[in-house]
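Trainee: I have a model open on my screen and would like to learn how to read it. Could you walk me through it, feature by feature?

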Amino acid sequence: VETILADPLATALFIYPTKALAQDQLRGLERFSGKSRGPGHPGPALKFLAGTYDGDTPAPQRRKLRDHGAIVLTNPDMLHQAILPHHSRWAKFFSHLRYVVVDEVHAYRGVFGSHLANVMRRLQRICRHHGCDPQFVCCSATIANPVEHASRITGRAMELVDDDGSPRGAKRFVLWNPPVIGEAGAANGVPPPAPSLQGGGNVNVNGAVAAGERRGPIGEAIELLTNLVREEIQTIAFVRTRLAAELISRGARDNLSHVSPRLAEKVQAYRGGYLPEERREIERKLFTGELLGVSCTRALELGIDVGGLEASIVVGYPGTLASFFQQAGRAGRRERESLVMLVGLDTSVNQYVMQHPDYVFGRPLEEAVVDRDNPYIVAGHVRCAAHELPVPEAEVEQFGPYANEALHVLQDLRKVRRTVGRWYHASRETPQFEMSLRGGAEAELVVQDRDSGKVIGHMNLYDAPTLVHPGAVYLHYGDT
């Protein structure tokens, strides 16, 4: 913002792993530009255009951002598929680009991170073509090798800034192991649960319970969320699946409806597949405190400012310390005390964590790992690069040691051709649409109410056969 004050033509590109995080950060920028300034905000409103450029952005807003935007907030997928292939339309923006900010850089690991590292290679080619050399800023949390990882992602030497001056209150951790059910549980006076979805999968088809198993984590999470909301403690519950998020929200609302209908209305699920306007509304209610409880997938794990959450329930050890402490960190911002409850699953890893807390609290965080020179990944991106701009022989090495061989393979497949020392794109396809950065299905299906015609959600092609097959029960906002 200071740079824009000094140079009104300056632009910046902010990259976030999720749409929700970009929307959250946009609200922060709009407090400077006057769109959402509180009554106590000092100083005059600043004149600059900032906006999100993603799959939810209407076409008129896209054109406006492309032509006049000072700060464009996007995600790697849109940069890969919509911005870089049409960089000539973004000539004004790229020619004045001063900053590229990669937020939550620790989230880019494995295949996704390796893809992003190659998108950054392509981005820097486009920047040089338009005569700019932006500064790269990466924001990270909860990894052991932030400088090394950020350097691999951006291809630039990075300088570490790790003086954390943010206020924080005390945080109390509780490892909550569900009680044993079945024969062993009955001997201890623990009654077996009635067969239901809330049991979390421990009940057999005929209603029998295997001896020595533990109560289902979903039922435990419902009880914990119910009790915390009854005390009006704003709580977030993290689960692994969309179905679990819906079940916990529905179970807590049902429990609370017998106590206080007002509190029942303050519990909501949040997951992928909701319509954009529904997600924005839930995020707004969380921020303003209108919601007291939310059950969600990892969509809210990253650094969205969700207001004054006081408790976080993590249903099942996420598998990495980085992810666990990210979810735990959603509660207790600023100087407030907070509570984190890790609910153990009936699995070997979870039970080990329950019995050995030092596994969580007594060892260093994991390192983030990417392979930016993976030949299978490089082959796709060097083809995209040739589609965006012809690749001179001298630039091929910028895509790593396997890029030259990949280009010759692509030439044999008639995807590229070499002419006068340059590699050109040579097929009718748009290669950016043939490659997913996240390794999943690009195609999305619309979930529609056949009676009313109303669109109630969407999901990718890979999830659809197990969730919306004929005869399936689809949960949306707790309704079937």
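Trainee: Let me start with one residue: in which helix is Arg121 found?

Mentor: Arg121 is found in helix 6. Helices here are DSSP runs of H or I with at least four residues, strands are runs of E with at least two, and both are numbered from the N terminus.

Trainee: Is Arg121 buried or exposed?

Mentor: Start with the cut-offs: buried means under 20% relative accessible area, exposed means over 50%, and partly exposed is in between, using a 1.4 Å probe and protein chains only. Arg121 has a relative accessible area of 9%, so this residue is buried.

Trainee: Which residues is Arg121 in contact with, apart from its neighbours within four places in sequence?

Mentor: Contact means heavy atoms within 4.5 Å. With those neighbours left aside, Arg121 is in contact with Arg372, Asp373, Val378, Gln398, Phe399 and Gly400. You can also look at Val382, 261 residues apart from Arg121 along the chain, where the two C-alpha atoms are separated by 9.4 Å.

Trainee: What should I keep in mind about where these values come from?

Mentor: This is a predicted model, in which local features need pLDDT of at least 70 and side-chain atom pairs count only at pLDDT 80 or more, while totals for chains, interfaces and linings use all residues. Residues are numbered from 1 along each chain as its sequence is written, and side-chain values use heavy atoms, with hydrogens and water left out.

Trainee: How do I describe two helices that pack together?

Mentor: Two packed helices are described by the angle between their axes and the distance between the axes. The axes are lines fitted to C-alpha atoms, for helices over the stretch in contact, and angles run from 0 to 180 degrees between N-to-C directions. Take helix 6 (residues 110–129) and helix 7 (residues 146–154): their axes come within 7 Å and cross at roughly 55°. That makes helix 6 oblique to helix 7; angles under 35 degrees count as roughly parallel, over 145 as roughly antiparallel, 65 to 115 as roughly perpendicular and the rest as oblique.

Trainee: Which residues of helix 6 and helix 7 meet?

Mentor: From helix 6, Gly113, Leu116, Ala117, Met120 and Gln124 meet Arg152, Ile153 and Thr154 of helix 7. The residues of this contact divide into four nonpolar, three polar and one charged. Here Ala, Val, Leu, Ile, Met, Phe, Trp, Tyr, Cys and Pro count as nonpolar, Asp, Glu, Lys and Arg as charged, and the others, Gly among them, as polar.

Trainee: Now for strands. How do I read the two faces of one?

Mentor: In a regular strand the side chains alternate between the two faces of the sheet. Strand 7 (residues 235–238) is covered on both faces: Thr235 and Ala237 on one side, and Ile236 and Phe238 on the other, are all buried.

Trainee: Which residues stand opposite Ile236?

Mentor: Ile236 stands opposite Val294 in strand 9 and opposite Ser312 in strand 10. Two strands pair if DSSP finds at least two bridges between them. Strand 7 runs parallel to strand 9 (residues 293–296), joined by four bridges, and pairs in the parallel sense with strand 10 (residues 311–315), again over four bridges.

Trainee: In what order do the strands of the five-stranded open sheet come?

Mentor: The order is 2-3-1-4-5, with parallel pairing. Strand 2 (50–52) and strand 5 (135–138) stand at the edges with a single partner strand each, so one side of each has no neighbour in the sheet. From one strand to the next, the twist averages 15°. Strand 2 is joined to strand 3 (residues 71–74) by three bridges, and Thr52 has Leu73 as its bridge partner in strand 3. Helix 2 (residues 19–33) lies across strand 1 (11–15), strand 2 and strand 3, at about 165° to strand 2.

Trainee: How is the three-stranded open sheet paired?

Mentor: Its pairing is antiparallel, in the order 12-14-13. Strand 12 (391–392) and strand 13 (416–419) are the edge strands, each pairing on one side only. Helix 16 (residues 375–388) lies across strand 12, strand 13 and strand 14, running at about 90° to strand 14.
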